[in-house]
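Hello,

Here is the structure I said I would pass on. My notes on its side-chain contacts follow below it.

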Amino acid sequence: MIDHTFAVKKIQNLEEAIVIFSQQTRMPFVECDEETYDDQVHMFANESEVQEFAKMYTEKKILLMAVKVLKAQMRSMYNTFYSIGANAVVFHENGNVYRLQLKDIEKMPDLSKLMKEKLPVVNPTLQLSTLYFLQEMYRPVKHDMQHAKELEEEMLINLMRSRYILPLENVNPNEPVNPKDPKQKKKIPYVKDKDGNMLMPIFSDFTEFQKFYRDKATKMGMGVQGFTDLPNYLAAEAKGLVLNPGGFHLHITKEQLDKLVQTKKEK
């Protein structure tokens with residue numbers, strides 16, 4: 001077994017690093033290693049090696065981008081890695097490549113307080129399966145349809161199994177939201193896509209909720225619902241849902257939602 005203690009110390013002491021993102025999903029690019037089966041992300045100590053790395057993927061029609069992360073942002077980025085189900089970091093530094101276990105670099109955040117409130121604070125299985133599906137389907141190539149079908153089926157299974165955060169705002173903007181007060185009038189703030197279609201935002205976990213609403217998140221409430229309950233909250237004029245609008249922004253039309261809910265109920 002290779003001792004990567006020195007490499008772990010190096011990555012922990014970086015003043016800044018480069019993380020490889022997918023252009024299409026706007027999330028860290030994740031891939032399954034063919035030998036170890038690690039779900040891994042890539043980090044670089046400097047930008048000079050990124051272009052050569054990205055070239056290999058461009059040839060496969062996989063479009064990547066480099067995102068600079070400062071030392072103060074590292075913990076948040078590692079938390080993102082945990083939230084998408086990554087368990088390994090491939091660290092590139094001056095021609096050397098180290099595969100490091102994420103848990104050796106940064107411990108998983110303690111989310112016990114939020115878990116007591118029954119919030120889906122992380123949902124790595126759903127995030128990971130959706131990223132794998134979208135990364136493949138965004139490639140402008142002739143797809144292996146059997147492989148694509150397998151990726152889609154895994155994603156759909158996780159979609160139907162999961163619970164989701166629904167954002168809540170008080171109808172009266174001068175009062176804070178109290179999710180436990182059934183008499184307080186609340187509303188779900190809808191978003192619009194590039195064509196102006198109205199969509200209900202839902203979130204796989206607390207991290208994605210915070211990412212989208214940022215500073216506003218502390219003033220909002222959160223409801224938690226299972227997949228089969230989502231149609232009950234969908235406005236008549238809405239075209240469907242958007243899962244994680246600040247991340248991979250997966251659109252689910254009203255028709256697709258109804259079909260999946262029916263499938264879930266029949267099982």
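E169 has a relative accessible area of 16%, so this residue is buried, the limit being under 20%. Keep in mind throughout that the model is predicted. The side chain of E169 forms a salt bridge with that of K216, with 2.9 Å from N to O. K216 is partly exposed, at a relative accessibility of 41%. The two residues come from distant parts of the chain, 47 residues apart: E169 is in strand 7 (residues 163–170), while K216 sits in the loop between helix 8 (206–213) and strand 11 (221–226).

This is one of ten salt bridges counted. As background, side chains that carry opposite charges can pair when their charged atoms come close.

Another of the salt bridges joins the side chains of R99 and D33, at 2.5 Å from N to O. R99 belongs to strand 6 (residues 96–101) and D33 to the loop between strand 2 and strand 3 (39–44), so the bridge ties together parts that lie 66 residues apart in sequence. D33 has a relative accessible area of 12% and is therefore buried. R99, with 30%, is partly exposed.

A further salt bridge is made by the side chains of R139 and E136, where N and O are 3.0 Å apart. E136 counts as buried because its relative accessibility is 15%, and the limit is under 20%.

Next, the aromatic rings. The search of the whole structure gave twelve aromatic pairs. One of them is F29 with Y57: the ring centres are 5.4 Å apart and the planes stand at 75°, which is over 60 degrees, so the pair is edge-to-face. This pair also links distant parts of the chain, with the two positions 28 residues apart in the count. F29 is in the loop between strand 1 (16–22) and strand 2 (31–32), and Y57 is in helix 2 (residues 50–58). Both F29 and Y57 are buried.

Y57 has a charged neighbour as well: K60 lies over the face of the Y57 ring, at 5.2 Å from the ring centre.

Which residues do ring pairs link into a cluster? They are F203, F206, F209, F212 and Y213.

If you look at two places, I would suggest the salt bridge of E169 and K216 and the ring pair of F29 and Y57.

Regards

Methods:
Residues are numbered from 1 along each chain as its sequence is written. This is a predicted model: local features need pLDDT of at least 70, side-chain atom pairs count only at pLDDT 80 or more; totals for chains, interfaces and linings use all residues. Side-chain values use heavy atoms; hydrogens and water are left out. Rings of Phe, Tyr and Trp (its six-membered ring) pair if their centres lie within 6.5 Å; planes under 30 degrees apart count as stacked, over 60 as edge-to-face and the rest as tilted. Helices (H or I, at least four residues) and strands (E, at least two) are DSSP runs, numbered from the N terminus. Buried means under 20% relative accessible area, exposed over 50%, partly exposed in between (1.4 Å probe, protein chains only). A charge sits over a ring if NZ of Lys or CZ of Arg is within 6 Å of the ring centre and within 35 degrees of the ring normal. A salt bridge is a side-chain nitrogen of Lys or Arg within 4 Å of a carboxyl oxygen of Asp or Glu.
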